[in-house]
Amino acid sequence: MKARQRVTILGGGAGGLELAIGLSRRSDMDVTLVDRVSTHLWKPRLHEFAAGTVNSSLAEMSFYTLAGMHGFRFEQGDVETIDRTAKTVRLAEMRSATDQFITASRSLAYDCCVVALGGLTATFNTEGVAEHAIRLDEKSDAEEFRDLFIALMIHARVSREPAHVVIVGSGATGTELAAHLRLSEQAFAHERGSDEMRPLLKLTILEAAPQLMPGADEGLRKSVSDRLDQLGIVVRTNAAVDLVSETEIRIKTGEAFPADVTVWAAGLTGHPLLKQLADFEMDKKGRIVVDDRLRSSIDPAITVIGDAASFTPEGAEAPLPPTAQCASQQADYLVSALPELLAGGTPKPFVYNDRGRLLSLGGAGSVGLVGFLRKNDFLVEGRFATAAYHGLQRRHQWSVLGPLRGSVAILADMMSPTSGPAMKLHG
């Protein structure tokens, strides 16, 4: 019997997990998924975890359970290096939160290694960001922010002094987080014995570019701007940050903004670990350069997807965006392309189909651009946009859980007490 091809996937985000599940359906593949944490999180909703407004019990799922369900192997641990000659991945020694020894370092052999380790929020070497700002890169960051936010709201309610939250960056993370924080504020703002609400939160978004959501369609930008204005969220453009301190943010013009908490959401770069894995060719944002089959430029046995990959389609001016949509399409492509590559064939090139951009703005609803059949995008708002926004996650859940389990789980999730506008501030 012919030996099964060993595929090791580093990173269990949207792309990495979907790829592991897709390949594990094949009898000729031995699939191992590696991640440093034990659960999969739908990262596009990380801002909702931070604000305490997440309303889905399926937003987080155990890798161990999913591995048993689909037949791939899950290895928990921190990736250290890739030995391209030996074709092995080394995982670091594991210790507990209390520094107790768990296991020594391990090596995992592969015939094909897929790097899907994602990216991190860029600091641009701005003074004070590392010490005094929160970056929403992982669930632990969201939990840290949520604890701080709850404390701020309690203090504001008692002291009657509104808290100041400043968000640096007006992309999807920054705008969505601001809107959901305004929604979350409502849980604290009702006066006892009264139906009136007292403002407890002052929200400011600072954007270094001349306009909100740089690079976005003008119609989408206008719609988002109007909704943020309705929510009483102050947006300042041409506001490049010079310094972040414990109590304020200073921009390069010298103007200062009071900040009880600063959230740094100023764009993504490749994870710093990518440079340490092997001698990859990197782009200026610290991502691994790949060809049109998503193979690294130095080693065809290593492919890269998602935020870790830098792929510029022919005729394009910039690499593809670091989005879950892009990672999911790349995973879907590799489910069929990897077996062909491992057999020595040449699959068709990867082609990205931009299906639009959707944002959830809490109490101000959802808005976005949706494109079909590669025609012009059109602006969607209201219930259709909300349905489309949640549909992206439902599609992911369906692909992760399978048609039958996914349909049953999603229906149960929609009917559960956690569904709806409940404020899961301590969940």
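This is a short tutorial dialogue on reading cores, single residues and open or enclosed spaces in a predicted model.

Q: Let's begin with the interior. Which residues of the largest nonpolar core touch the most other members?

A: The general idea helps here: in soluble globular proteins, nonpolar side chains tend to be buried together. In this predicted model, the largest nonpolar core holds 55 residues, and those touching the most other members are Phe-72, Ile-82, Val-114, Val-115 and Leu-334. Helix H9 (residues 324-342) gives this core its largest share, seven residues. There is also a second, separate core of 38 residues, with Ile-150, Leu-152, Ala-189 and Leu-231 among them.

Q: Take Leu-334, then. Which residues is Leu-334 in contact with, leaving aside its neighbours within four places in sequence?

A: A good habit is to set the sequence neighbours aside and see what remains. For Leu-334, the contacts are Leu-19, Leu-23, Val-114, Arg-293, Leu-294, Thr-303, Ile-305 and Pro-339. Val-114 appears here as well as among the residues that touch the most other members of the largest core.

Q: How should I read a loop residue? Is Ala-92 buried or exposed?

A: Look at the accessible area rather than guessing from the loop. Ala-92 sits between strand E7 (88-91) and strand E8 (94-95). Its relative accessible area is 12%, so Ala-92 counts as buried, the cut-off being under 20%. Beyond four places in sequence, Ala-92 touches Asp-78, Glu-80, Ala-104, Ser-105 and Arg-106. One of these partners, Ser-105, is 13 residues away along the chain, with 4.6 Å between the two C-alpha atoms.

Q: And Arg-160: is that residue buried or exposed?

A: Arg-160 is also in a loop, this one between helix H5 (139-159) and strand E14 (163-168). With a relative accessible area of 52%, Arg-160 is exposed, because the cut-off is over 50%. The C-alpha atom of Arg-160 is 8.7 Å from that of Arg-198, 38 residues apart along the chain.

Q: What polar contact does the side chain of Ser-170 make with another side chain?

A: For a polar residue, check accessibility, then look for polar partners. Ser-170 belongs to the loop between E14 and helix H6 (172-189), and its relative accessibility of 0% makes it buried. Its side chain makes a polar contact with the side chain of Glu-207 at 2.7 Å. A polar atom of the Ser-170 side chain also lies 2.8 Å from the backbone nitrogen of Met-213. Leaving aside neighbours within four places, the contacts of Ser-170 include Thr-175, Ile-205, Gln-211, Leu-212 and Pro-214.

Q: Now the spaces. How many cavities of 30 Å³ or more are there?

A: Start with the count, then read volume and lining together. A search of the whole structure gives one such cavity, and the largest cavity has a volume of about 50 Å³. Its lining consists of Arg-287, Gly-306, Asp-307, Ala-309, Phe-311, Leu-320, Pro-321, Pro-322, Cys-326 and Gln-330. By type, that lining has six nonpolar, two polar and two charged residues.

Q: What lines the second largest pocket?

A: Here the same approach works: volume, lining, then the elements involved. The second largest pocket contains about 320 Å³ of space. Of its 17 lining residues, Glu-131, His-132, Ala-133, Ile-134 and Glu-144 are the closest to the centre. Helix H4 (129-132), strand E13 (133-134), H5 and strand E20 (261-264) each contribute at least two lining residues, and H4 provides the largest share, four. The pocket lining comprises seven nonpolar, three polar and seven charged residues.

Methods. Residues numbered from 1 in each chain as written. Predicted model: local features only at pLDDT ≥ 70, side-chain atom pairs only at ≥ 80, totals over all residues. Heavy atoms only, no water. 1 Å grid on protein atoms, 1.4 Å probe; cavity = no way out; pocket = protein on both sides within 12 Å on 5 of 7 lines; lining within 4 Å. Points joined across faces, edges and corners; volume = space filled by probe spheres on them. Nonpolar A, V, L, I, M, F, W, Y, C, P; charged D, E, K, R; others polar. Buried < 20%, exposed > 50% of the residue type's maximum accessible area, 1.4 Å probe, protein only. Contact = heavy atoms within 4.5 Å. Core = buried A, V, L, I, M, F, W, Y, C linked by side-chain atoms within 4.5 Å. Polar contact = N/O pair within 3.5 Å; in protein donor to acceptor, adjacent residues only side chain to side chain.
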